[in-house]
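Student: Please take one exposed position as a starting point and give a close account of the part of the model around it.

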Amino acid sequence: MSNTTDTLAQFQQITGLHDTDLCTEILSAHQWNLEQAISTITSSSSSSSDFEHINPTNNFEHSEFIPDNTAGPPDPPGLGLAWKLISLPVSIVSGSLGLVSGAVGLGLWAVGGVVSYSLGMIGLNNSGEASDTLVAVSGSVSEAREFVRRFESEYGDRGPRFVAEGFMDALERSRREFKLLFVYLHSPDHPDTEWFCEGSLCDEVVSSFVNENFVAWGGSVKASEGFKMSNSLKASRFPFCAVVMAASNQRIALLQQVEGPKSPEEMLTMLQRVVEESASVLLPARLDAEERRNNMRLREEQDAAYQAALEADEARERQRREEQEQVEREAAEAERKQKEEEEARERTAREAAEREAQLIKLREEKSLSLGPEPEKGPDVTQVLVRLPNGERKGRRFHSTTTIQSLYDFVDSSGTLEMGSYTLVTNFPRVLYGPGQTIVNTQRSWITSSS
């Protein structure tokens with residue numbers, strides 16, 4: 001009972017099937033022979049994985065892999081390799097029908113193992129349980145990491161640098177790097193495995209050549225993805241190695257396979273040959289991709305330079321506008337100040353003219369208020385006024401005339417500013433205010449003092 005349970009658990013782990021009744025039915029149909037039961041899962045893909053001749057040149061024409069659904073052209077001339085197309089299987093269980101179906105193209109393999117992108121693509125969109133039976137997306141990664149860990153713990157770091165990622169990721173990596181994919185399927189229980197790993201795979205020359213010219217991926221046949229790859233590649237003997245590359249129609253091209261123990265010299269010879277004969281495909285693709293990268297880099301640099309020049313032009317234009325606006329503001333401010341100054345000058349001149357007109361009018365009024373100059377007589381006094389500038393002005397006044405008339409006389413002459421002076425006699429020195437009366441003398445000397 002324990003052996004049956006172990007076999008059932010191992011069958012479910014490898015195939016990814018979770019329906020216990022279905023798995024029991026399949027194992028019972030094959031007398032609990034694990035290998036035969038597992039072969040049932042992948043046997044439906046045998047007819048679709050027949051080898052076909054292809055021309056892999058188009059597979060590296062672009063940096064992005066674009067499946068070509070057209071029929072493959074004839075064999076590439078001058079290649080001695082067996083260029084063959086292989087479709088990899090995906091196992092899906094229909095819970096309602098209890099049937100096992102598989103064998104769709106490589107494009108339906110996901111990163112974590114055999115996962116369908118869309119159940120509708122394969123006509124199983126009515127089954128809600130189908131996605132639960134597939135291998136977990138992270139399963140292939142964990143299996144690859146476990147393989148690398150165990151391989152390095154047993155053989156050290158002398159062997160190829162296997163990538164710790166699923167097969168599809170490794171295939172994509174090889175496509176990006178324009179290299180072939182070196183596949184090693186590890187059978188830990190095979191008697192030749194240890195000798196092959198120690199003597200050939202970990203040989204310094206072989207491992208260096210693999211590391212330099214290939215992307216290396218390895219998997220244990222006891223793990224789910226490694227077992228399925230062994231079925232897809234039809235590995236009949238171990239140790240097993242293969243060289244593959246991405247091909248059209250969502251499949252891979254098998255370029256070389258090595259079955260059974262091989263010496264380092266034999267391994268190196270076969271690997272060198274496959275590299276040399278694939279150079280006509282990889283080298284032009286690598287150069288073309290490099291040219292595209294250089295062109296893209298050049299365009300990016302040109303775009304960056306154009307953008308920098310555009311930003312510099314915009315900055316200069318912005319600075320020019322700011323300077324122009326500053327000049328315009330300064331000009332407007334200067335014009336405003338000039339206008340204010342002109343208005344102030346005009347106002348001052350106008351006010352001065354108004355004051356002058358008022359003075360002239362006032363002088364005229366004062367002159368008229370004096371009346372005609374009286375003739376000489378006993379009641380008439382001759383008054384002489386000496387101005388600060390030495391000029392003298394004289395006039396006759398009635399003796400009863402007030403000093404204000406004398407002030408009006410001086411004011412009407414326009415010589416002194418009104419209210420800015422005082423009339424005074426020299427001897428005796430007397431200050432005369434506007435309300436005083438003129439002295440009744442024939443002649444009076446009066447000095448104006450400002």
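Tutor: T400 counts as exposed because its relative accessibility is 66%, above the 50% cut-off (buried is under 20%, partly exposed in between; 1.4 Å probe, protein chains only). This is a predicted model, in which local features need pLDDT of at least 70 and side-chain atom pairs pLDDT 80 or more, while totals for chains, interfaces and linings use all residues. Residues are numbered from 1 along each chain as its sequence is written, and side-chain values use heavy atoms, without hydrogens or water.

T400 lies in the loop that joins β9 (392-398) to α10. Its C-alpha atom is 9.6 Å from that of T381, 19 residues away along the chain. Helix α10 (residues 403-413) meets helix α9 (residues 264-370): their axes come within 8 Å and cross at roughly 135 degrees. The pair is therefore oblique, that is, neither under 35, over 145, nor 65 to 115 degrees. The crossing is left-handed. On the α9 side, R363, K366, S367, S369 and L370 are in contact with Q404, S405, D408, F409, D411 and S412 of α10, contact meaning heavy atoms within 4.5 Å. Two of these residues are nonpolar, five polar and four charged.

Helix α9 also contributes to the largest nonpolar core, a set of 31 residues in which F151, F182, Y184, F214, M267 and L271 have the most contacts; such a core joins buried nonpolar residues through side-chain atoms within 4.5 Å. With seven residues, α9 gives the most to this core. Beyond its neighbours within four places in sequence, F182 touches residues including L201, F214, W217, M267 and L271.

Key. Axes fitted to C-alpha atoms, helices over the stretch in contact; angles between N-to-C directions. Helix = DSSP H or I, 4+ residues; strand = E, 2+ residues; numbered from the N terminus. Left-handed = near helix turned anticlockwise from the far one by under 90°. Nonpolar A, V, L, I, M, F, W, Y, C, P; charged D, E, K, R; others polar.
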